Amino acid sequence: MSHAGHRSQLPGAGSVREASGDCTMAPDPWFSTYDSTCQIAQEIAEKIQQRNQYERRGEKTPKLTVAIRALLQNLKEKIALLKDLLLRAVSTHQITQLEGDRRQNLLDDLVTRERLLLASFKSEGAEPDLIRSSLMREEAKRGVPNPWLFEEPEETRGLGFDELRQQQQKIIQEQDAGLDALSSIISRQKQMGQEIGNELDEQNEIIDDLANLVENTNEKLHTETRRVNLVDRKSTSCDSPSAAAVDSLELSKG
């Protein structure tokens, strides 16, 4: 299964012409090398299938075998070059970490494909699906998980390259829509948090004002209580001139 369709899904993949201008980006050597490597892998798969058909009819295929072996060597060298280019791009920060991870996934798919093609080439007359199944059973017997081999999901079996590319693009569009919705939710929550903070500041100011008002009211109440007490004492001791004088003095002080 070719993954060349991934190229259109990644930022910076080859020359890109903006719809509203004439600005273009320089071709990315990693993707040009990746495309040619995918083409080599596809050519190997076709030649192996052709060789198997000839051998099932009892025909000899020395020329095809030599051609396949040369293509496999070329594929190996191309994959090594892709690894070197990716390592250099990541280490020099020419691409983002996310872009590096995407390219690494594409490279991992190519490595898996190379292993399957090599196994198919060595197992003469065997079909790729049978070779993949036998390899997975052998790994299971030894109890060693093989990260390069996996069962193709039902939803992608029998799909062509264009269909796979459309499916991948649809998945990425759905993921982008989900990320946009999540970003909108986070923005609203941030705005709500800021509004709540402003409201709390206003409430704190109101509480401070209330505290000052209560304090002033307490002072006034205390003063008025003293005045009432003095008036009451004065009314009860109106027959004593000296007590009345003291009360008048305290009242004037209050």
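**Exercise 1. A salt bridge within a helix**

Classify Asp 84 as buried, partly exposed or exposed from its relative accessibility of 35%, and then describe its salt bridge with Arg 88.

*Solution.* The model is predicted.

Step 1. The partly exposed class lies between the limit for buried, under 20%, and that for exposed, over 50%. Asp 84 has a relative accessibility of 35% and is therefore partly exposed.

Step 2. The partner is treated likewise: Arg 88, at 45% relative accessibility, also counts as partly exposed.

Step 3. The side chains of Asp 84 and Arg 88 form a salt bridge with an N to O distance of 2.2 Å.

Step 4. Helix H2, residues 62-91, holds both Asp 84 and Arg 88. The two are four residues apart, which is about one turn of the helix.

Step 5. Elsewhere, a single network of salt bridges with shared partners joins Asp 28, Glu 99 and Arg 103.

**Exercise 2. A salt bridge between distant parts of the chain**

Determine which parts of the chain are linked by the pair Arg 103 and Asp 28, and decide whether each residue is buried or exposed.

*Solution.*

Step 1. A salt bridge connects the side chains of Arg 103 and Asp 28, at 2.6 Å from N to O. Arg 103 belongs to helix H3 (residues 97-122), whereas Asp 28 is in the segment before helix H1 (29-56). With their positions 75 residues apart, the pair links distant parts of the chain.

Step 2. The relative accessible area of Arg 103 is 3%, so this residue is buried. Asp 28, with 14%, is buried as well.

Step 3. For the whole structure, the search finds five salt bridges. Another of them is formed by the side chains of Glu 59 and Arg 57, at 3.3 Å from N to O. Here Glu 59 is partly exposed, at 37%, and Arg 57 is exposed, at 53%.

**Exercise 3. The surroundings of Leu 117**

Locate Leu 117 in the secondary structure, assign its exposure class and list its contacts beyond the neighbours within four places in sequence.

*Solution.*

Step 1. Leu 117 is placed in helix H3.

Step 2. Its relative accessibility is 9%, so Leu 117 counts as buried.

Step 3. With neighbours within four places left aside, Leu 117 is in contact with Ala 41, Ile 44, Ala 45, Ile 48, Leu 72 and Leu 75.

Step 4. A C-alpha separation of 9.7 Å is found between Leu 117 and Gln 42, although the two are 75 residues apart along the chain.

**Exercise 4. A charged surface patch**

Which residues form the negative surface patch, and in which helix is Glu 199 found?

*Solution.*

Step 1. The negative patch consists of Glu 199, Asp 201, Glu 202, Glu 205, Asp 208 and Asp 209.

Step 2. Glu 199 is found in helix H5, which spans residues 161-236.

Step 3. Membership of a patch requires over 30% relative accessible area. Glu 199 has a relative accessibility of 39% and is therefore partly exposed.

**Exercise 5. The chain as a whole**

Summarise the secondary structure, burial, contacts and accessible surface of the protein chain.

*Solution.*

Step 1. The chain has six helices and zero strands, in the order α-α-α-α-α-α from the N terminus.

Step 2. Of the 254 residues, 24% are buried.

Step 3. Among contacts with a separation of 6 or more, 62% involve residues 24 or more positions apart.

Step 4. The chain exposes about 17,700 Å², and 54% of this area is supplied by carbon and sulfur atoms.

Note on methods
Residues are numbered from 1 along each chain as its sequence is written. This is a predicted model: local features need pLDDT of at least 70, side-chain atom pairs count only at pLDDT 80 or more; totals for chains, interfaces and linings use all residues. Side-chain values use heavy atoms; hydrogens and water are left out. Buried means under 20% relative accessible area, exposed over 50%, partly exposed in between (1.4 Å probe, protein chains only). Contact means heavy atoms within 4.5 Å. Accessible areas come from the Shrake-Rupley method with a 1.4 Å probe; for residues, only the protein chains shown count as cover. Patches are made of residues with over 30% relative accessible area and no salt bridge: like charges are joined within 9 Å, nonpolar side chains (Val, Leu, Ile, Met, Phe, Trp, Tyr) within 5 Å. A salt bridge is a side-chain nitrogen of Lys or Arg within 4 Å of a carboxyl oxygen of Asp or Glu. Lys and Arg count as positive and Asp and Glu as negative; His and the chain ends are not counted. The place of a charge is taken as NZ of Lys, CZ of Arg, CG of Asp or CD of Glu.
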